[in-house]
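Please look through the sequence and the model below before reading on. The paragraphs that follow take up a few places in turn.

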Amino acid sequence: MNKFTILTAVAAPFLRKNVDADFIIRIERCTGTPKERLGDYAFEMARFLPGGAENPEFVFNQPRYRGAQIMLCGEFFGTGSSREMAVWAIAGMGVRCLIAPSFGQIFFGNCFQNGLLPIVLPAATVAALAKQAAAPDAMPFTLDLEQQTINGSVRFDIAPRNKKMLLEGLDEIGLTLALEPKIAAFQAADRKRRPWIYPT
């Protein structure tokens, strides 16, 4: 995964509540669509009109928010199905960070496994950030993961293990492999203490 340290990018406000995994990526797109193409179908029901043309009302179709890497979301974002493809689809759009008052639990965990930073903040704070992002003279947001700040003043919490994963660009397997020397040393010492449990 790409390391996440400091991100300066446009933030797109999409404060719709209860955005579930099926809204993010329709189930029929989850079979037969290569992972790298899922971003083409993210938020398909809101992003496109019935005839296939772009919906100009959808935030990511508006010129000022095209290519936004930060998304300000409503409550209970990513609920419903546990499909990891929902995270893949959002990442496929180029989004690196999601900010919401709450997330679906499995979706939240999947974000860290795929290099996305999900930030939980009070609803009033998210609304204030969305207002900033929607202002005519809005500037890009700056997220500093090491300092755990947004625009230098809004602080957010993150579990140390999840922070380490993003800073070092590692998933759960990568974190385990990073401990390989310690694991090997333990096994060598344990083999001497209890040789009978190690098959020859």
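Which backbone nitrogen does the side chain of S102 reach? In this model, which is a predicted one, the side chain of S102 comes to 2.8 Å from the backbone nitrogen of F76. S102 itself is found in the loop between β4, which covers 97-100, and α4, which covers 105-113. Leaving aside residues up to four places away in sequence, S102 touches G74, E75, F76 and F77, so F76 is met both in this list of contacts and as the owner of the backbone nitrogen that the side chain reaches. With a relative accessibility of 17%, S102 counts as buried, because the cut-off for that word is under 20%.

A second buried residue can be followed towards the end of the helices named here. Y198 has its place in the segment after α8, a helix that spans 180-193, and its relative accessible area is 18%, which means that Y198 is classed as buried. When residues up to four places away in sequence are not counted, Y198 touches Q187, D190 and R191. With D190 the relation is one of side chain to side chain, since the two make a polar contact at 2.6 Å. For Q187 the separation can be given in two ways: Y198 and Q187 are 11 residues apart in sequence, and their C-alpha atoms are 9.7 Å apart in space.

The next topic is charge. Side chains of opposite charge can pair when their charged atoms come close. Under the rule used here, the count of salt bridges comes to 10. One of them joins the side chains of R29 and E44, with 2.6 Å from N to O. This pair links distant parts of the chain, for R29 lies in the loop between α1 (21-24) and α2 (44-47), whereas E44 lies in helix α2, 15 residues apart. The two partners fall into separate classes of accessibility, R29 being partly exposed with a relative accessible area of 25% and E44 being buried with a value of 13%.

Another salt bridge brings together the side chains of R66 and E54, at 2.5 Å from N to O. R66 and E54 each lie in the loop between α2 and β3 (70-73), so the pair ties together parts that are 12 residues apart in sequence. R66 is partly exposed, with a relative accessible area of 44%, and E54, at 39% relative accessibility, also counts as partly exposed.

A further case lies within a single helix. E168 forms a salt bridge with K164, and the closest N and O atoms are 2.8 Å apart; both residues belong to helix α6 (residues 160-168), where they stand four residues apart, or about one turn of the helix. E168 is partly exposed at 35% relative accessibility, and K164 is partly exposed with a relative accessible area of 39%. Beyond such pairs, salt bridges that share partners join R26, E28, R29 and E44 into one network.

Last comes the open space in the model. How much space lies in the largest pocket? About 270 Å³ lies there. The lining of this largest pocket is made up of M1, N2, K35, E36, W88, A91, G92, V95, R96, N114, G115 and L116. Sorted by character, these lining residues divide into five nonpolar, four polar and three charged.

Definitions and conventions: Residues are numbered from 1 along each chain as its sequence is written. This is a predicted model: local features need pLDDT of at least 70, side-chain atom pairs count only at pLDDT 80 or more; totals for chains, interfaces and linings use all residues. Side-chain values use heavy atoms; hydrogens and water are left out. Helices (H or I, at least four residues) and strands (E, at least two) are DSSP runs, numbered from the N terminus. Buried means under 20% relative accessible area, exposed over 50%, partly exposed in between (1.4 Å probe, protein chains only). Contact means heavy atoms within 4.5 Å. A polar contact is a pair of N or O atoms within 3.5 Å; within protein, one must be able to donate a hydrogen and the other to accept it, and residues adjacent in sequence count only if both atoms are side-chain atoms. On a 1 Å grid over the protein atoms alone, a cavity is a set of points where a 1.4 Å probe fits but cannot get out, and a pocket is an open set with protein on both sides within 12 Å along at least five of seven lines; lining residues have an atom within 4 Å of a point. Grid points are joined across faces, edges and corners, and a volume is the space filled by probe spheres set on the points. Ala, Val, Leu, Ile, Met, Phe, Trp, Tyr, Cys and Pro count as nonpolar, Asp, Glu, Lys and Arg as charged, and the others, Gly among them, as polar. A salt bridge is a side-chain nitrogen of Lys or Arg within 4 Å of a carboxyl oxygen of Asp or Glu.
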